[in-house]
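Good morning. I will go through one structure today, from the whole chain down to a few residues. Please have a look at it first.

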Amino acid sequence: MTNRIHAVGDVIASRYKINKFIGEGGMQQVYKAIDSAFARPVVVKVPKNPSATKRFRRSAEVSARVVHPNVAKTLDYFETEETFYLVEEFINGADLQLRLNTEFYYLDPHLAAHIIHHLAKGVAACHHVDVFHRDLKPSNVMVSQDPSMSVLKLTDFGIAKMAEAEIGQAIEGSDLGKGETETITSSQTVVGALPYMAPELLLDSKNTTKSADIWSLGAILFYLLSGEKPFGSGLAVIAKIVQQGLPSKAGVYKRESLQFKPLLDELWHIIEGCLQKDANKRLTADQLVARLSQICYSTAEREVGYIYNYQVNRSPWGFIKTQNSEDYFFHRESFYGDKPDDGIPVNFAGFTGNPRGRAFPVTPLKGK
């Protein structure tokens, strides 16, 4: 990790008091601060590379044009003698990649549809004002901490142009035929972006269009459903994205029961519409939102619990106990995964039932 630009207690521009270091990416460091003018928490972003400050300013001006519930608000931008600063709304939660790393093996199709639908809405709003992200990936999505991930916002539009420039420089300095380059491996931004990058971004980043964001959404949806990147990770992914066709359909079908198959089929068709090699054949953001608005997926509130008394009398059903000691009945066909077992923590939606509530869908969580 590089040296931190600010320490807890620092006051910037006589207004923003730093109270926590959140993290850093390839382009910036991120802090939580208190905005004394409104007594509210905010996120303060600082470019790590002094040579990138002009691009940081231009990108901040562009991101401020986007106003949508699924895009983090740009609240302020200012300069000091030392550097430039971007202030965004604070989302009480974590980035989607962290939630996936620590909690989920993959998402059931209902929760995945909820997430990609809202991401698509945010992207469409940006495309309407001629802004596109260029660096869409789960770590650039903030979600609330609740099991439903009810609040979801795209972030880092303010540094997208900077990321694109770094990606372009790394790719142009590489030899795709050899499959490995120092320019790519030395860039944290590029390594994180690779699994979600459209082929045209790898081949000709200067002529990338909005449709590159659509490819990224398709790659993210595949990842949410399967727990695996559509073309893998690391340097080998470059040749696969450029040369191969669609990833294996089998990866997203964790359970082909009648409970899940219709929605999975719909989501697979959406993945196909996004991961077209020819950018002109991909869905537009508006078309993607329209398709997702037409499919039927559950938005019921989620809970967390653990399985117990599974296969009572060798029957394919069992029970889930929540953190509040509530009991729910579930059937094997409602479990999105290979095999339920006692003690497995799960994410599920609960419905009223007699004598116990009913759970659907039920998705395994990490840890036991």
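Before any counting, a word on terms: helices and strands here are DSSP runs, with at least four residues for a helix and at least two for a strand, numbered from the N terminus. Counted that way, the protein chain has 11 helices and 14 strands. Keep in mind that this is a predicted model.

Now the chain as a whole. Of its 368 residues, 52% are buried. The accessible surface is about 16,600 Å², and carbon and sulfur atoms hold 49% of that. Among contacts with a separation of 6 or more, 63% join residues 24 or more positions apart.

Let me start with helix 3, residues 109-128. Helix 3 has 20 residues and reaches 28 Å from its first C-alpha to its last, close to the 28 Å expected at 1.5 Å a residue. How many of its residues are buried? The count is 18 of 20, so "mostly covered" is a fair description, given that buried means under 20% relative accessible area. At its start, a side-chain oxygen of Asp108 comes to within 3.0 Å of the backbone nitrogen of His110. After helix 3 comes Asp130, with a positive phi near 60 degrees.

Next, helix 10, residues 261-274. Its 14 residues should span 20 Å at 1.5 Å a residue, and its end C-alpha atoms are 20 Å apart, so the two agree. The buried residues of helix 10 include Leu263, Leu264, Leu267, Trp268, Ile270 and Ile271. In an α-helix there are 3.6 residues a turn, so residues three or four places apart point the same way. What do the buried residues of helix 10 pack against? They pack against helix 3, which we have just seen, and also against helix 8 (211-226) and helix 11 (285-294).

Just before that, in the loop between helix 9 (236-243) and helix 10, is Tyr253. Is Tyr253 buried or exposed? Its relative accessible area is 11%, so Tyr253 counts as buried, the limit being under 20%. Leaving aside neighbours within four places in sequence, Tyr253 is in contact with Lys261, Leu264, Asp265, Trp268 and Tyr336. With Asp265 there is a polar contact between side chains, at 2.5 Å. As for Leu264, 11 residues along the chain, its C-alpha is 7.0 Å from that of Tyr253.

Tyr336 brings us to the aromatic rings. One aromatic cluster is formed by Tyr106, Phe260, Tyr336 and Phe360. The count of aromatic pairs comes to 15. Charges also sit over rings: Arg134 lies over the face of Phe132, 3.9 Å from the ring centre. Likewise, the charged end of Lys229 is over the ring of Tyr223, 4.5 Å from its centre.

Two more residues, and I am done. Thr322 is in strand 11, residues 317-322, and is buried, with a relative accessible area of 6%. Beyond its neighbours within four places in sequence, Thr322 is in contact with Glu303, Val304, Gly305, Tyr328 and Phe348. Ala193 is in helix 6, residues 188-193. At 4% relative accessibility, Ala193 counts as buried too. How far apart are the C-alpha atoms of Ala193 and Ser233? They are separated by 9.9 Å, with the two positions 40 residues apart along the chain counted as their separation.

That is where I will stop.

Key. Residues are numbered from 1 along each chain as its sequence is written. This is a predicted model: local features need pLDDT of at least 70, side-chain atom pairs count only at pLDDT 80 or more; totals for chains, interfaces and linings use all residues. Side-chain values use heavy atoms; hydrogens and water are left out. Rings of Phe, Tyr and Trp (its six-membered ring) pair if their centres lie within 6.5 Å; planes under 30 degrees apart count as stacked, over 60 as edge-to-face and the rest as tilted. A charge sits over a ring if NZ of Lys or CZ of Arg is within 6 Å of the ring centre and within 35 degrees of the ring normal. The expected span of a helix is 1.5 Å times one less than its number of residues. Buried means under 20% relative accessible area, exposed over 50%, partly exposed in between (1.4 Å probe, protein chains only). A polar contact is a pair of N or O atoms within 3.5 Å; within protein, one must be able to donate a hydrogen and the other to accept it, and residues adjacent in sequence count only if both atoms are side-chain atoms. Contact means heavy atoms within 4.5 Å. Accessible areas come from the Shrake-Rupley method with a 1.4 Å probe; for residues, only the protein chains shown count as cover.
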